Every structure is written in structure tokens, then in C-alpha cells.
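Dear colleague,

I am passing on a structure for you to look through, and below it I have written out what was found. Please keep it open beside this note as you read.

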Amino acid sequence: MRSLLMWLLLLITMMEGGAVRPLVQAQKTIFILAGQSNMAGRGGVANFSLPWDGVVPPECRQNPSILRLSAGLDWVEAEEPLHKDIDVTKTNGIGPGMPFANRILEKKPEVGVVGLVPCAIGGTNISEWERGRELYTHMMRRAQASVRDGGTISALLWYQGESDTLNVADAQSYGSRLRKFFSHVRADLQSPLLPIIQVALASGQGPYVETVREAQLGMDLLNLRTVDAKGSPLEPDGLHLSTPAQVHLGQMMADTFLHFLPAPIRAQVPSPSKAAAAPPPRARRLPNFAAAFLTLFFFSFFL
């Protein structure tokens, strides 16, 4: 009897403090993060031969309502570095994803649960993101997996192009390749008006940075917004954004998503009936009086 009693008391304790419906089952507002190293995040990585410094600013803090899709396609609580199991051959640090998500929830808590889908790979050319190639296929597989437990893909966050500044042919063809990439993503996600927030380069690996920037800034697709990173502080390598720069960039991207997209686009975020009308399905707790009653009852009955 005593063992049964102890088991019941343990059950009460678990009901008092444990989650009944995990956040992964919530309707998530999902964002795909794609591109190369500055999207993956190199903030706090002075150069490729050194480890990440481990400094996590308050704007990049963990939040139970911010999830990331792991390499194994499971939703887990997001933490820096977001791309640690995606861009596995590089040293990852702070990127724009966590400050983006925290800013979203700070300004629009009714969003509920933010799901981040890291897909960026450092050192990649736009040609490597063509439909049918490995990076594109990998991104689409992850995007499709992200909605299986509920949620809506609400935007593509894109920061890429540094590798396309190395030679004039890649730089001059960047605009047409990028336009085709965005078109294919929208078509394959069956979302022709999917919001896209791209970043115009702050730096590059070659001499044709301005050519690529012109293509980015001149892109006139519907529901595309461009955040300009020019002038952002860089790490000592002169290529990657510093931690403060990544925080600022993520917040600018969040503000762009929240304030500058047309009204119809916001309809793609889970509707108020699914997200805003009720808080995220956090742990449901057994009322204290019920726990006390059950405890008293079982003590009286068994003892």
C-alpha cells in the first residue's frame, strides 16, 4: 500500500509541475533561415581557426516559445549557435535568427510559438542553391518536415552572396539566379506570396560586392523586402558580422516582417483563432487545492 501511495503522490507532483501538451504540438509561426555563413552565424568567431567565444547577448537568450528544427528533424528549444548541427564543417557563432525570434515575441507575443528552420551553409554560391541540387533539396525536406506537427511557414530569411563576388560572371548573373531561386521556393512550398526578407551584403569574398548588392537592392518581387547590412561591424576577418551586428540585423529583419509587409501577408501567420485567442499550450497544472485533497484522501484511506 505504501508503494502505491508513493506512486500516487509522485503522479500528483508530476501533474503539478509537468507539461501535458508540449510546445512542439502548438501551431508554430515558422521561418526558414537559409544562405551562407552570415546567416548561419559567425558572431564571436574571430577567424576560422578559433572557437566561438561563447558569449550570448540577452537579445539571443533562450525562450521556451522559440524552437529550432534539429538536424534530425525534431523540434527542440532553440539556443545559440542555431546552425551547430547544420553547418557542421564550420565554427558557428551568433547569427540573426535568435534576435529575430526574440524581437518577434517581444513585439507580438500573440504569435505564440516561433519555429526556426536553420538551413544555411557557409561558403556556398547561389548556383549551389538551384532547384534539384543538394542544398535546395535539403532545405525543402526540412521545410516540409517543419509543418508536420502544426504550423505555417511565414517567411524565408535569406542572407547569401558573399561567394558570388569572387568573379564577374557569378556577380553579373546573380540577379537572375536569385529571382529564379525565390520563384522556385514559393512554387515548391505552394505559397506564391510567401514573404521573403533578404539581406543586402555587408561584405564579400571578392571584388564584385557592389555588383551583387545592386542585384539584391534592385530585386522587385512582390512581398520581398531587403534589409541592408552595409556598414555593419565585422569580425577581424573582414567578412563576417560581429555579434552586435548580428543582433541588430536580426532585429531589423523582425521589424521588417512585422511592420512593413502588406496586410494580406500577415494572414499567413496562424490566425487569431489558432494562436492569439489562446496562449501557447504550456504546461497545464493541477490546482493546488485538488492536489491537497487527493493527498489527504489517500493518506486517510491507506494509512
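**Helices on the sheet**

Helix α3 (residues 97-107) lies across β1 (28-35), β2, β4 and β5 (151-159), and runs at about 165 degrees to β4. Here helices (H or I, at least four residues) and strands (E, at least two) are DSSP runs numbered from the N terminus, and angles run from 0 to 180 degrees between N-to-C directions, with axes fitted to C-alpha atoms, for helices over the stretch in contact. Helix α6 packs on the sheet as well, touching β6 (196-200) and β7 (contact means heavy atoms within 4.5 Å), and its direction makes about 155 degrees with that of β6.

This is a predicted model, in which local features need pLDDT of at least 70 and side-chain atom pairs count only at pLDDT 80 or more, while totals for chains, interfaces and linings use all residues. Residues are numbered from 1 along each chain as its sequence is written, and side-chain values use heavy atoms, leaving out hydrogens and water.

The sheet itself is open and mixed, with 7 strands in the order β3-β2-β4-β1-β5-β6-β7; its edge strands, β3 (75-77) and β7 (224-228), each pair on one side only (two strands pair if DSSP finds at least two bridges between them). Within the sheet, β2 (residues 66-69) and β4 (residues 113-118) pair in the parallel sense over 3 bridges, and L67 has G115 of β4 as its bridge partner.

S146, in helix α4 (residues 134-146), is buried (under 20% relative accessible area), with a value of 0%.

Best wishes

How values were computed. Buried < 20%, exposed > 50% of the residue type's maximum accessible area, 1.4 Å probe, protein only.
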